[in-house]
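Biologist: I am new to this structure and would like to learn how to read it feature by feature. Could we begin with the ligand and then turn to the sheets?

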Amino acid sequence: MLEVINLTKKYNKLEAAKNINFTINKGEIAVLVGPNGAGKSTTLKSIAGLLKYEGEIKICGKVNKSVEGKRLFGYVPELPSLYPLLTVEEHIHFMAKAYGIRNYDAKAEELLRTFDMFDKKEKLAQELSKGMQQKVSIICALITNPSVILFDEPMIGLDPKAIKELKNLISHLRNDGVSILISTHLLDSMEELWDRILIMKDGEIVISKSKSELNESNESLEDIFFEFTEKK
Ligand code: ADP
Ligand code: MG
């Protein structure tokens, strides 16, 4: 479970996130959508504990910046930040060791095969394309068996097969009870794969609706997106 309570992040005078509140329960997928500059990455980086902010963020009841909290979430940043001179395999070992995960070989192989990276496991990160780096970044986040996972624009740079596999994987994670937060500026990239939609604009969450609430009101996602993001 992920709880974000009164999150405000300022970069000097700019309020990039303004009093953000939301909860993602076990086995729920929330999609954070909004135009470029809305504050999506800022929100995810705050949850990942990478920024200073005001407010409270809890991962399964633990403060996100605590050691216990950090163990419980995975974060796939907008831009992969790998170690250029470590191989794909070494990245996985490094993550598993850092999180104290054992017996992960079978899972690592399965993930590598899912993303067509098994034959590239001995390649250095600096030899990989942007999309391949993105795949390694996803595998590293998943190898730690997180209870909460944050994906910042995960489809960018992936080929169509990898996008399909990632969506498949996300739906399995949901079934396993993981709380999932995905940011995207591409409204239709997540199709029906979400339980709650959070629309962000100018640092604020202007709309938060569950799928059933949206169905009841008979509005399409596109309708409400433009209604709230185009408003002056
Ligand atoms: P999104 O991910 O929705 O495109 P961001 O969270 O990256 O939006 O950015 C939100 C706002 O904060 C933008 O106006 C952006 O220019 C600003 N911003 C982001 N990162 C920084 C930073 N490190 N320093 C100053 N301003 C920033
Ligand atoms: Mg962003």
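Modeller: Start with serine 41, where a backbone N or O atom lies 2.9 Å from an oxygen atom of ligand 1; please keep in mind throughout that this is a predicted model.

Biologist: Which other backbone atoms should I look at, given that an oxygen atom of ligand 1 is involved?

Modeller: Look at two glycines: a polar backbone atom of glycine 37 is 2.7 Å from an oxygen atom of ligand 1, and a polar backbone atom of glycine 39 is 2.9 Å from an oxygen atom of the ligand. The protein buries 60% of the 560 Å² that ligand 1 exposes when taken alone.

Biologist: Which elements give two or more residues to the shell around ligand 1?

Modeller: They are β2, residues 14-24, and α1, residues 40-47, and the largest share, three residues, comes from α1. The residues around the ligand include Tyr11, Leu14, Pro35, Asn36, Lys40 and Thr42. Sorted by class, the shell has five nonpolar, five polar and one charged residues.

Biologist: Now the sheets: how do strands of a sheet pair?

Modeller: In general, strands of a sheet pair through backbone hydrogen bonds, in either the parallel or the antiparallel sense. Here, one open sheet has four strands in the order β2-β1-β4-β5, with antiparallel pairing, and its edge strands, each of which pairs on one side only, are β2 and β5 (62-63).

Biologist: How many bridges join β1 to β2?

Modeller: Seven bridges join β1, residues 2-11, to β2, and the two strands run antiparallel. To follow the register, find leucine 7, whose bridge partner in β2 is isoleucine 20, and then leucine 2, which stands opposite isoleucine 24 in β2. The hairpin of these strands has two residues between them, and asparagine 12 takes a positive phi near 50° there.

Biologist: Which strands of this sheet does α1 touch?

Modeller: Helix α1, which you met at the ligand, packs on the sheet by touching β1, β2 and β4 (54-59), and its direction makes about 120° with that of β1.

Biologist: What is the strand order in the open sheet of six strands, and what is the pairing?

Modeller: The order is β6-β7-β8-β3-β9-β10, and the pairing is mixed. The edges are β6 (73-76) and β10 (204-210), each pairing on one side only, while neighbouring strands are turned by 15° against each other on average, direction ignored.

Biologist: Where could I trace a single pairing in this sheet?

Modeller: Take β9, residues 196-201, which pairs with β10 in the antiparallel sense over six bridges; within this pair, leucine 198 has serine 208 in β10 as its bridge partner.

Biologist: Which helices should I place against this sheet?

Modeller: Helix α5, residues 130-142, packs on the sheet and touches β6 and β7 (148-152), with a direction about 175° from that of β6. Helix α8, residues 221-229, lies across β3 (29-33), β9 and β10, and runs at about 25° to β9.

Note on methods:
Residues numbered from 1 in each chain as written. Chains lettered and ligands numbered in written order. Predicted model: local features only at pLDDT ≥ 70, side-chain atom pairs only at ≥ 80, totals over all residues. Heavy atoms only, no water. Pairing = 2+ DSSP bridges. Axes fitted to C-alpha atoms, helices over the stretch in contact; angles between N-to-C directions. Contact = heavy atoms within 4.5 Å. Near = heavy atom within 4 Å. Polar contact = N/O pair within 3.5 Å; in protein donor to acceptor, adjacent residues only side chain to side chain. Areas by Shrake-Rupley, 256 points an atom, 1.4 Å probe, with all protein chains shown as cover. Nonpolar A, V, L, I, M, F, W, Y, C, P; charged D, E, K, R; others polar.
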